[in-house]
Amino acid sequence: MARAGKKTNWFAVWVSIAAVVAVVVVGALVVWANNASSGPGTAPQSAVIDDETGAIAVGEGEGTIDTYVDFMCPVCASFEATYGPAIESMVEDGTITLNIHPISILDRASAGSEFSTRAANAMYAVAANHPDLALPYLQALFANQPAEGTTGLSNEELIAIAEQVGATDAAEDINAGTYAQFVEYMTKQTPVQPGQSGISTPTIAIDGEVISNSQLTGDPQADLVAKFTR
């Protein structure tokens, strides 16, 4: 029984669960990598998108936080809930630039609908057509995250969420899967966390240095904010 007043670190719990399934993810990635398209395909064009790294830049701060996320990944949603407000605050006050990397490693968990790829494609579609709405759309996708093992959100639902945050010109690219091949290609470029043997999500880099999720305690101030306020 937990002691009175002691808070459960749910992010740490999720990270522990993720570590258990990491080997399964790595095995799935081997199969996926062998079948993935070899080229980058159509790259989204926007002043905020780096077509070499796949990063969607939010903010203009000197410090950087890179997040590699899969929109079907429950640990990514937990990370957003725990750390998202602090990250957004640092973006708004000019401390950091947030580089969002939408990737796809969990298509296998969406009952054949390839939700992870479709959601990442939608993220690029919004960032390409409405650069200022990239972060609100990411937040909305995690707020509406489907459970693993389901077909996830339909393209119509992805479009509806985009329109809810004001992104009214992304529907064509969402329906066409314009950036699906780009998502596959960029997923293969995801850095491997220290101590891991394959890609996992979320993967976080602070000022270009990839950290292990085991370093995250669930305290945004200690884990992230303090890194940029020394």
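At what angle do helix 3 and helix 7 pack? Keep that in mind as you look around this predicted model.

**Stop 1: helix 3 and helix 7.** Select residues 180–187, which form helix 7, together with helix 3. Their axes sit 9 Å apart and the packing angle is about 105°. Angles of 65 to 115 degrees count as roughly perpendicular, so that's what helix 3 is to helix 7. Now show the side chains where they touch: helix 3 brings Thr117, Ala120, Asn121 and Tyr124, while helix 7 brings Ala180, Phe182, Val183 and Met186. Sort this contact by class and you get six nonpolar, two polar and no charged residues.

**Stop 2: the core.** Next up is the largest nonpolar core, with 64 residues. Try picking out Ile65, Phe71, Tyr137 and Leu158, the ones with the most contacts inside it. Then color residues 115–129: this is helix 3 again, and it gives the most to this core, with 10 residues. In soluble globular proteins, nonpolar side chains tend to be buried together.

**Stop 3: Phe71.** Zoom in on Phe71 and look for its partners farther along the sequence, among them Pro102, Phe115, Ala119, Met123, Leu138 and Phe142.

**Stop 4: helix 4 and helix 5.** Finally, select residues 134–143 (helix 4) and residues 155–164 (helix 5). Their axes come within 9 Å and cross at roughly 130°, so the two helices are oblique to each other. The crossing is right-handed. On helix 4, click Tyr137, Ala140 and Leu141; on helix 5, click Leu158, Ile161 and Ala162, and you have the residues that make the contact. Here the split is six nonpolar, no polar and no charged.

Terms used. Residues numbered from 1 in each chain as written. Predicted model: local features only at pLDDT ≥ 70, side-chain atom pairs only at ≥ 80, totals over all residues. Heavy atoms only, no water. Axes fitted to C-alpha atoms, helices over the stretch in contact; angles between N-to-C directions. Helix = DSSP H or I, 4+ residues; strand = E, 2+ residues; numbered from the N terminus. Parallel < 35°, antiparallel > 145°, perpendicular 65-115°, else oblique. Left-handed = near helix turned anticlockwise from the far one by under 90°. Contact = heavy atoms within 4.5 Å. Nonpolar A, V, L, I, M, F, W, Y, C, P; charged D, E, K, R; others polar. Core = buried A, V, L, I, M, F, W, Y, C linked by side-chain atoms within 4.5 Å. Buried < 20%, exposed > 50% of the residue type's maximum accessible area, 1.4 Å probe, protein only. Lists of a residue's contacts leave out its neighbours within four places in sequence.
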